[in-house]
Amino acid sequence: MERRAFIIKATKSIGAIGMGALGIYSCQSHEASVFNGEFSLDEVNMINEIGEIIIPITDTPGAKAARVGEFIAVVVQDCFSDKEKKELNATLGDINSVCSGSFGNDFLKCKENERLKLVSKMEEGHEGYKALKNLIVSAYLSSEIGMTQYFDYHPVPGKYDGCTTVTPW
Amino acid sequence: MNEKEKYTFDAIVIGTGISGGWAAKELCEKGLKTLVLERGRNVEHIKDYDDMMPNWELPHRGRITNEDRTKSPVQSGVYNYNERSKKYFVNDLDNPYIQVKPFEWARGYQVGGRSLIWGRQSYRRSYLDFEANAKDGFGVDWPIRYKDIAPWYDYVEPFVGIAGSMEGLPHLPDGKFQPPMPMNCVESEVAQRIRGKFSDDRMIINGRTANYTLNMGEGRGQCQYKGSCGAGHACSFGAYFSSNSATLPAAVRTGNMTLRPYSIVQEIYYDKEKKRATGLRVVDTETLKEYEFYAKIIFLNASTLNTAAILLNSKSDAFPNGLGNSSGQIGHNLMDMPYGMGAQGTFEGFEDKFTFGNRPTGIFVPRFRNINKATERKDYLRGFTYQGGAGRGRKGSTGFGSDFKKNLKEPAEHWSMAITAWAEHLPYYENRMYLHDDRKDKYGMPVICIDCEFKENEAAMVDDMMNSAAEILEAGGLKDIKTYNWNKIPGSCIHETGTARMGNNPGTSVLNRWNQMHDVPNIFITDGSAMASSGTTPGPSVTYMALTARAVDYAVKELNRRNI
């Protein structure tokens, strides 16, 4: 139920983009950037795209289909401390500035091979990226796609077997 | 009919948690018209549960929000407080209390109380627990012995529904159990390996839990191993014991129960001529209107701290320091249980084996200290037990891309196992709660101050609880053993007890051997406040249940004999 409310909220802000485009041009980029109190739509997309590189579509959908960016935006807004918020924003800023330095573009404007290079570079040891990656993994695994398609879903196991030969997931 | 007659019942029960639910059931089944008061809202069994809602439909998928932390700074730290269970915990801002010393007071104000979110481990106290105070002189002697309560454990357990194994241990008495929930292969192996390895006979047995391995009838099905009870989410299969699933429906079936939610009891009235309580005053939390109800007997089951608060707030000429408080003991001798010291390790073997289903219990290590001369400790009194279990998680993955994704499913190389200690907290007079002189909550009730700490004896056990856990795991063949201490503050075990203790002497205790107030014979108190000691073995609720059934039996007999 709450989830539905969230989708409506997201749709509303997309509506606001249209309004902005029809109305005062100078506000368009500002209006378009709003996702919630903490994140812009660009940042949500950026997390989704980074997520898709970390957890791509294979025989099951990837992070983008699981909308990890949207979920993380809600968690950051509602659950994170100011310090955690600042750190995550700094990480996204860092990623964009590394992209600009290396490829002359923000992450979202980079080509696919450039994005892959960026993630490889971050994997070498960027603390903020590590935290973002953990968030993406947890967002993916806790999503409907993660729980029902990536993992086997047993909402009502019906029994306990303390010695079975297959993983329960 | 005047107002007073209109609101007169045979009995009133204050509180609907574990013990209040039992008082309601027993009184109603004995034919008494019973008013059951609950300060919180109603929670209807199954109908009001949301345990079947998939986790991904929760806006934060279980996470605690900043708003939760602001509204409930204490509750949000309780182990099973989460996005779904939080509706069963109070808003701390609306329900303030003062921590003179740090004390985590977990509270669930609703019909069913904390029975909706309890830990469900259920162990009888043994002869050692009932003799301990007399032996070492801490607290006052229990006015009962194990033999007095044993038939009442026998009476309540089949209705509670406890899965457990028969072990034949005098220091951990067997009960009327359903078949136990099985150990997994690593737990069984470790249990077998440690048998006979310790001169003090340490052993690992099945945890005893109020979850059903047998069908209990309507609204009380067998455990489906969903794991929702452990997370505080209640159970749509009704597969664990709660007031909502078991005792209150039984009371409803008699036609004798009137349940009134949103009713905070603030004061019990006393008639000094008759030397009896006559009734009580309630504030309706929705309208803030006051109501008076009258009855021949009152069962006070508001939980340890609130039960004492109601008594201390019931002042009269006869009892200027609180109703039934001629001993001056009400609010004192507050205990919890220290816990959270243990050890963990990894197990080599069974690499091709896993577990399926979420078992709502684990393994248990009965006490092995201070049982007899051979196990006597010089450095501390009484003892502790362990709860724990073995499991197999996922390994975690490195890198990114399709291999990373695939490897996220890889199981951990080895099983791991941990055991954690729960220990006795001695009764100290100076550990207490009292009412604040001026501060009141929004319903006009004086705010509770809690001044409670662990002392030397509790501290003296800490190292032994960690080291003995490591020894057990080592004997079981575990590797990479590490000890830990969660450094829990008092209250966080949610086993608060002792504020209206039982005892033989009216000068030093509040209740007699029947949980009847020494000073006010038609008030019975059978929640945690009645405890004269915390006991060494946790799972105290089944003791409250047994004492409640026993007290109701006595109270109704006394009522029929016209003694009260």
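How closely do the axes of helix α5 and helix α7 of chain A approach, and at what angle do they cross? The legends below begin with this pair. This is a predicted model, in which local features need pLDDT of at least 70 and side-chain atom pairs count only at pLDDT 80 or more, while totals for chains, interfaces and linings use all residues. Residues are numbered from 1 along each chain as its sequence is written, and chains are lettered from A and ligands numbered from 1 in the order in which they are written.

**Figure 1. Crossing of helices α5 and α7 in chain A.** The axes of α5(A) (residues 82-103) and α7(A) (residues 127-141) come within 9 Å and cross at roughly 110 degrees. Axes are lines fitted to C-alpha atoms, for helices over the stretch in contact, and angles run from 0 to 180 degrees between N-to-C directions. The crossing therefore makes α5(A) roughly perpendicular to α7(A), a term for angles of 65 to 115 degrees. Helix α5(A) contributes Glu87(A), Leu88(A), Ala90(A), Thr91(A) and Asp94(A) to the contact, and α7(A) contributes Gly128(A), Tyr129(A), Ala131(A) and Leu132(A). Residues are in contact if their C-beta atoms, placed from the backbone, lie within 7 Å. By class, five residues of this contact are nonpolar, two polar and two charged. Here Ala, Val, Leu, Ile, Met, Phe, Trp, Tyr, Cys and Pro count as nonpolar, Asp, Glu, Lys and Arg as charged, and the others, Gly among them, as polar.

**Figure 2. Chain A and the positive phi of Arg67(A).** Chain A holds eight helices and one strand, in the sequence pattern α-α-α-α-α-α-α-α-β. Helices (H or I, at least four residues) and strands (E, at least two) are DSSP runs, numbered from the N terminus. Of the 169 residues in chain A, 33% are buried; a buried residue has 20 or more other C-beta atoms within 10 Å of its own, an exposed one 12 or fewer, and a partly exposed one a number in between, with C-beta atoms placed from the backbone. Arg67(A) lies in the loop between α3 (41-54) and α4 (68-79) of chain A. Although Arg67(A) is not a glycine, its phi is positive, about 55 degrees. Arg67(A) counts as buried because 21 other C-beta atoms lie within 10 Å.

**Figure 3. Contact between chains A and B.** On the two sides of the contact are 36 residues of chain B and 33 residues of chain A. In chain B, β10 (354-356) and α9 (402-407) are the elements that give two or more residues to this side. The chain B side comprises 15 nonpolar, twelve polar and nine charged residues. Strand β1 (residues 161-164) of chain A runs antiparallel to β10(B), joined by two bridges; strands pair if DSSP finds at least two bridges between them. Thr164(A) stands opposite Phe354(B) of β10(B).

**Figure 4. The six-stranded open sheet of chain B and its helices.** The strands follow the order β4-β11-β12-β13-β9-β16 with antiparallel pairing. At the edges, β4 (205-206) and β16 (479-485) of chain B each pair on one side only. Eight bridges link β12 (residues 384-391) with β13 (residues 415-423) of chain B in the antiparallel sense, and Phe384(B) has Ala423(B) of β13(B) as its bridge partner. Helix α10 (residues 456-475) of chain B packs on the sheet, touching β9, β11, β12, β13 and β16, and its direction makes about 15 degrees with that of β9(B). Helix α6 (residues 185-194) of chain B lies across β9, β11, β12 and β13, at about 135 degrees to β12(B). Buried residues of α6(B) include Cys185(B), Val186(B) and Ile194(B). The buried residues of this helix pack against β1 of chain A as well as β9, β11, β12, β13 and α10 of chain B.

**Figure 5. Two nonpolar cores.** A nonpolar core is a set of buried Ala, Val, Leu, Ile, Met, Phe, Trp, Tyr and Cys residues joined through C-beta atoms within 7 Å. In the largest core, of 152 residues, Ile12(B), Val13(B) and Ile298(B) touch the most other members. Helix α11 (residues 541-560) of chain B supplies the largest share of this core, ten residues. A second, separate core of 37 residues includes Leu41(A), Ile95(A), Cys110(A) and Ile145(A).

Technical notes: Parallel < 35°, antiparallel > 145°, perpendicular 65-115°, else oblique.
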